[in-house]
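These are my notebook entries on one protein chain. I record here what I looked up, entry by entry.

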Amino acid sequence: ISLVFTGLFFLLGIMFSNVNADLKEAEKMPMDVVSSLDQLEDSFILASSKISDKVDLSEMQSLLLAFAISWRDMMLKDNGITYGDTLHCLSDIVVLVRDWDKKGAANTAPIVVVIDKVRRVVSRGTVVQRTEVLPAARALLNFFVFMSCVLLFLASYKTLVALSMVISCVMTVCIFMARIIQAMDDPFNIRPPLGIQRWIYGHMAAVQVFPLTEYITRMERRKIKSDEAARLRLQTMAGVMLPK
């Protein structure tokens, strides 16, 4: 029995440390992306200082908003958004930078640097999302959990209280640790699990993307203001009231 439990907890420790490393890295990704997007917007605004009459900030905001929504849906496996779709959104931003550069925008090099930083975070997030625990390690863990439960029932106990306490405590730890490792293996997945897994760890993801969701809300509000400002500017230039 001691040999089986030693192997079980040794394997649990190794697998938990591996998935926990990915979890800690995944927790930083939403905030890193949001801060980079804010930096991108600031860089675009500074770059447009000399050509404010030739460019439309609402177009830039639309592209940043489209990327944020795309990355969020990709990580949450929603709306069928793929890694390629998210990279395409970044490519559209690069095209916008090129167009601004042709129009005589100020220093646009920092914008490209930030875009590369965002691309790295997106790529790393895709790797974390797609990399799973080795099937052999998962099978070995399930085997150790099963054997531990069997040996606990076959062992002899002096009292019924000892039997119930030992079996309930050890089985709970083993089963919950195995389920936690499975849940942490895909930290962005918020799909409700089925059967007993729903009872064990519910339907919450290990990593929440609320910074990105809040950014999308802020950007939508800023875009509405930019659209209204652009409309007023066109009205002033044309000297007529444009239909709403």
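**Entry 1: a pocket**

I began with the second largest pocket of this predicted model. Its volume is about 150 Å³. I then asked which residues line the second largest pocket. The lining consists of Ile14, Met15, Asn18, Val19, Asp22, Thr131, Glu132, Val133, Leu134, Ala137 and Asp185. Helix α1, which covers residues 2-47, supplies the largest share of this lining, with five residues. I sorted the lining of the second largest pocket by class and noted six nonpolar, two polar and three charged residues.

**Entry 2: the chain as a whole**

I next looked up how many helices and strands the chain has. There are eight helices and zero strands. Followed along the sequence, the pattern reads α-α-α-α-α-α-α-α. The chain has 244 residues, and 38% of them count as buried. I also looked up the contacts between residues at least 6 apart in sequence, and 74% of these join residues at least 24 apart.

**Entry 3: helices α3 and α4**

I noted first how such a pair is reported: two packed helices are described by the angle between their axes and the distance between those axes. For helix α3 (residues 83-102) and helix α4 (residues 109-130), the packing angle is about 180 degrees and the axes lie 11 Å apart. Angles over 145 degrees count as roughly antiparallel, and therefore I recorded α3 as roughly antiparallel to α4.

Which residues make the contact? From α3, I listed Tyr83, Thr86, Leu87, Leu90, Ile93, Val94 and Val97. From α4, I listed Ile111, Val112, Ile115, Val118, Arg119, Val122, Ser123, Thr126 and Arg130. By class, the contact of α3 with α4 comprises 11 nonpolar, three polar and two charged residues.

**Entry 4: Thr126**

I stayed with helix α4, in which Thr126 lies. Is Thr126 buried or exposed? Its relative accessible area is 6%, under the 20% limit, so Thr126 is buried. Setting aside neighbours within four places in sequence, I found Thr126 in contact with Met74 and Tyr83. Tyr83 also appears among the residues of α3 that make the contact with α4.

**Entry 5: Leu96**

I turned to Leu96, which lies in helix α3. Leu96 has a relative accessibility of 4% and therefore counts as buried. Which residues does Leu96 touch, when those up to four places away in sequence are not counted? I recorded Phe44, Glu59, Met60 and Leu63. Leu63 is 33 residues from Leu96 in sequence, and their C-alpha atoms are 8.9 Å apart in space.

**Entry 6: Ser58**

I located Ser58 in helix α2, which covers residues 57-75. Ser58 counts as buried, because its relative accessibility is 7%, and buried means under 20%. Leaving out residues up to four places away in sequence, I noted that Ser58 touches Lys223, Ser226 and Asp227.

**Entry 7: Met177**

I then looked up Met177, which is found in helix α6 (residues 160-184). Its relative accessibility is 23%, so Met177 counts as partly exposed. The limits that I applied are 20% for buried and 50% for exposed, with partly exposed in between. Beyond its neighbours within four places in sequence, Met177 is in contact with Leu12 and Phe16. How far apart are Met177 and Leu12 in space, C-alpha to C-alpha? They are 7.3 Å apart, although 165 residues separate them in sequence.

**Entry 8: Asp32**

My last residue was Asp32, which lies in helix α1. Asp32 has a relative accessibility of 32% and therefore counts as partly exposed. I compared the positions of Asp32 and Val121, which are 89 residues apart along the chain. The C-alpha atoms of Asp32 and Val121 are separated by 7.7 Å.

Notes:
Residues are numbered from 1 along each chain as its sequence is written. This is a predicted model: local features need pLDDT of at least 70, side-chain atom pairs count only at pLDDT 80 or more; totals for chains, interfaces and linings use all residues. Side-chain values use heavy atoms; hydrogens and water are left out. Axes are lines fitted to C-alpha atoms, for helices over the stretch in contact, and angles run from 0 to 180 degrees between N-to-C directions. Helices (H or I, at least four residues) and strands (E, at least two) are DSSP runs, numbered from the N terminus. Angles under 35 degrees count as roughly parallel, over 145 as roughly antiparallel, 65 to 115 as roughly perpendicular and the rest as oblique. Contact means heavy atoms within 4.5 Å. Ala, Val, Leu, Ile, Met, Phe, Trp, Tyr, Cys and Pro count as nonpolar, Asp, Glu, Lys and Arg as charged, and the others, Gly among them, as polar. On a 1 Å grid over the protein atoms alone, a cavity is a set of points where a 1.4 Å probe fits but cannot get out, and a pocket is an open set with protein on both sides within 12 Å along at least five of seven lines; lining residues have an atom within 4 Å of a point. Grid points are joined across faces, edges and corners, and a volume is the space filled by probe spheres set on the points. Buried means under 20% relative accessible area, exposed over 50%, partly exposed in between (1.4 Å probe, protein chains only).
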